[in-house]
Amino acid sequence: METSRKQETGLKEEQKWERIALGVWKVRFGTPSAYTPTAHRSNEIKTQALSVLSVEQGAEPQLPFGTDDVNIKQTTRGIVVTLPMNTSEDIFGFGLQLQSVNAAGRKRYIKVNSDPKMDTGESHAPVPFYVSTAGYGLFVDTYRYATFYMGTSAEKGASAMKKEVNQPHKEFSESALYAFKRAEEERKVIIEIPSESGIDLYFFAGDIKTAVQRYNLFSGGGCKVPMWGLGMWYRVYGGSDQEHVKKLASQFREEKMPIDVIGLEPGWHSHSYSCTYEWSNLFPEPQDLIDDLTQNNYHINLWEHAFVYPAAKIYDKLVPYSGDYEVWNGLVPDFSMEETCKIFGDWHEKELIDKGITGFKLDECDNSDYNPSCWSFPDSTEFPGGMDGEQMHNAIGLLYQHMLEKVFHKKNIRTFSQVRSSGALAAPMPFVLYSDLYSHKEFIRGMVTSSFSGLLWAPEVRDCANGHDLLRRVQTVCFSDHALLNCWRIPNAPWKQVDIQKNLNNELMEEAQYYTDECRKLFELRMSLVPYLYSAFEEYQKTGLPPVRAVVMEYPQDEAARNLDDEYFFGKDLLVCPLTLEDGTSREVYLPEGNWYNFFTGEKIEGGRKLVMEADWNEMLVFARDGALVPVAEPVICVTEDTVFNITVKSFGTNKTGNCVLYEDDFVSFNYESLAAKKQINVTVGDNGKFIVSGAKTSTKYHFLNCIVKD
């Protein structure tokens, strides 16, 4: 598909097409900006993995249209791209979207915004990438506030044949007149990139699943996470002091609550909003706290944001490497510059990481134009590296991640951290998105939408109306990329008291013991699936397949799966259908074609249909595919360097050709990059119905129960 052609725009402009990997094409028009996601990428394209993916498909991947169908032109507004779109085409992607999953017939505005009020495309992590049921994906390489019209507009003359008259509206109301409608006429995808005189587009061939895989492999493959990062996380009360943190951590161990990570909120800084990155007087002996938590096998995550307070030790050094406007009385560092990253990164390395901190929560890099406390710099801001404020708003979250990930990589330490904003080519970054919003249904939808764009999402527990709501939210968290309870507003654990004011007053619920026991069971369930999820992340790194993903990604030809926004795949074989407080104890579930099995009871259910299913408040709706082999571990209280997982493999269905794979390395470093430091353990079912495990004899991390070990 290597060609070039001329486009009439008053001047002759050239579209240059180039195949850069199997199934991936680049088209260049004009002179693109020097400041783009690909210009700042730190991970190479996984060319070999893209070739393997194409071989597995068994045919040379092709796009569903020719080069002449892609029109690009320069206008007074910037660049305009148009592509064909058929009336039955469905569109997914554009990063984290909390209000809808299918973008066909909608407009998407790629602007970072922490508080989107409408379904516009603005979000914590908008991404100029989408996939289409027509058989392709498209990434627009820009930090600009690009606008995508996904079949919302028809060209002049498209409706000229319509002559019907005397057909008045039957209902006169705003809801009827302005209801969302899919067009019946042929439409176009129209993309506007403002303020630019050139653009690079990247096309990815394949159905929804393989186009997403190609985009993620183009980004550098999925992230490699530490095993401990997949356990349970708990962020403590923002007003905690050193002794309260110790007391809470000790209580968790006494009550045998499986927790791997303790997160500290803004109060650990001597000044936050903006930040000093130094310990406050609430923590007079920070090294004592770090050592105490580490000895009790906790990992420590510290909250911060990028805005640097004048009292910070690194402030003066960063003045020449920051934008010309402040946020919260602090500098906005330009992380596109090596000098900035060295100053900021060296401080974190020497003062925090070297002393035992294993991760960070990068807050408020998501920009807010609509919040009363407007943490935003003007779009006209000038940064010394060359970007303006518009570009930096869409870039800063990812550049922030790159800066800190490089420090951890240099130290040969894997991190699993959090971030409030991300963007294009984020798949290799071990950072999980979260939000200060609170809707459980929107958080579930985020599990679906984030999977199309190389993003990880935490549907964290933040606020609960009552104990039932707590259980429903914890259930969702346990089947997510990142199992986090964010208790920044309450000093006592939510299973002791969900009411915020009563919690602050140290008034415990009468049912505190019941909810403690039920949350412990859920935490143990999460810990039992950590090896299974770790394998899903390994596949993410190797093949670009997200560990948690939309149902339509697994069943791209199933039209009924296209608009599912409240169920998703967790790893290779488990379909999760969360319930919310509003659902009560029943909800409608869609199971794709084939036989499915209740993960907990083994009950067989015929798929290819919708069903209303029951689940009590302490029960869940999770289903395994026919033929699935799921490794389930005896739960541990936390993951340490000495942890050995005792594995039982659960088999579902009559299909005995299923298999599962576990991956073993040291779980914490980058030594796995040497193949000698990595093991692959395969589990299949033999003729006698027993599990055959290959590679387990040399395993030091997994012990298989009731299996035939064969090497």
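**Figure 1. Strand β15, covered on both faces.** On one side of β15, His-299, Asn-301 and Trp-303 are buried, and on the other side Ile-300, Leu-302 and Glu-304 are buried too, so both faces of the strand are covered. Like every view in this set, the close-up comes from a predicted model. The strand spans residues 299–304, and six of its six residues are buried. Look alongside for strand β14 (residues 261–264), which runs parallel to β15 and is joined to it by four bridges. Within this pairing, Leu-264 stands opposite Leu-302 of β15.

**Figure 2. The largest nonpolar core and a separate one.** The largest nonpolar core holds 191 residues. Which of its residues touch the most other members? They are Phe-452, Phe-479, Trp-495 and Phe-704. Helix α8 (residues 389–410) gives the most to this core, contributing 10 residues. Phe-479 makes a good centre for a close-up: leaving aside neighbours within four places in sequence, this residue is in contact with Met-447, Leu-525, Arg-526, Leu-529, Tyr-568, Phe-570, Leu-574, Val-576, Met-620 and Val-622. Another core, of 31 residues, lies apart from the largest one and includes Val-27, Phe-29, Leu-63 and Ala-146. In soluble globular proteins, nonpolar side chains tend to be buried together.

**Figure 3. Helices α10 and α12, packed side by side.** Helix α10 covers residues 467–478 and helix α12 covers residues 512–528; their axes are 9 Å apart, at an angle of about 10°. Because an angle under 35 degrees counts as roughly parallel, α10 is roughly parallel to α12. From α10, the contact is made by Gly-467, His-468, Leu-470, Leu-471, Val-474, Gln-475, Val-477 and Cys-478. From α12, Tyr-514, Tyr-515, Glu-518, Cys-519, Leu-522, Phe-523 and Arg-526 take part. Sorted by type, the residues of this contact are 10 nonpolar, three polar and two charged.

**Figure 4. Helices α4 and α5, another roughly parallel pair.** The axes of helix α4 (residues 242–254) and helix α5 (residues 286–295) come within 10 Å and cross at roughly 5°. That crossing makes α4 roughly parallel to α5. On the α4 side, the contact is made by Gln-242, Val-245, Lys-246 and Ala-249, and on the α5 side by Pro-286, Asp-288, Leu-289, Asp-292 and Leu-293. Five of the residues in this contact are nonpolar, one is polar and three are charged.

**Figure 5. An open sheet of five strands.** To trace the sheet from edge to edge, follow the order β4-β5-β11-β10-β7, with antiparallel pairing. Which strands stand at the edges? They are β4 (71–75) and β7 (107–109), each with a single partner strand, so one side of each is left without a neighbour in the sheet. From one strand to the next, the twist averages 15°. Five bridges join β4 to the antiparallel strand β5 (residues 78–85). Within that pairing, Asn-71 has Thr-82 of β5 as its bridge partner.

**Figure 6. Strand β31 and its partners β30 and β32.** Strand β30 (residues 659–664) pairs with strand β31 (residues 679–685) in the antiparallel sense over six bridges. In this pairing, Val-661 stands opposite Asn-682 of β31. Strand β32 (residues 691–694) also runs antiparallel to β31, joined to it by four bridges. Here Val-685 stands opposite Phe-691 of β32. Together β31 and β32 form a hairpin with five residues between them, and in its turn Gly-689 has a positive phi of about 85°.

How values were computed:
Residues are numbered from 1 along each chain as its sequence is written. This is a predicted model: local features need pLDDT of at least 70, side-chain atom pairs count only at pLDDT 80 or more; totals for chains, interfaces and linings use all residues. Side-chain values use heavy atoms; hydrogens and water are left out. Axes are lines fitted to C-alpha atoms, for helices over the stretch in contact, and angles run from 0 to 180 degrees between N-to-C directions. Helices (H or I, at least four residues) and strands (E, at least two) are DSSP runs, numbered from the N terminus. Angles under 35 degrees count as roughly parallel, over 145 as roughly antiparallel, 65 to 115 as roughly perpendicular and the rest as oblique. Contact means heavy atoms within 4.5 Å. Ala, Val, Leu, Ile, Met, Phe, Trp, Tyr, Cys and Pro count as nonpolar, Asp, Glu, Lys and Arg as charged, and the others, Gly among them, as polar. A nonpolar core is a set of buried Ala, Val, Leu, Ile, Met, Phe, Trp, Tyr and Cys residues joined through side-chain atoms within 4.5 Å. Buried means under 20% relative accessible area, exposed over 50%, partly exposed in between (1.4 Å probe, protein chains only). Two strands pair if DSSP finds at least two bridges between them.
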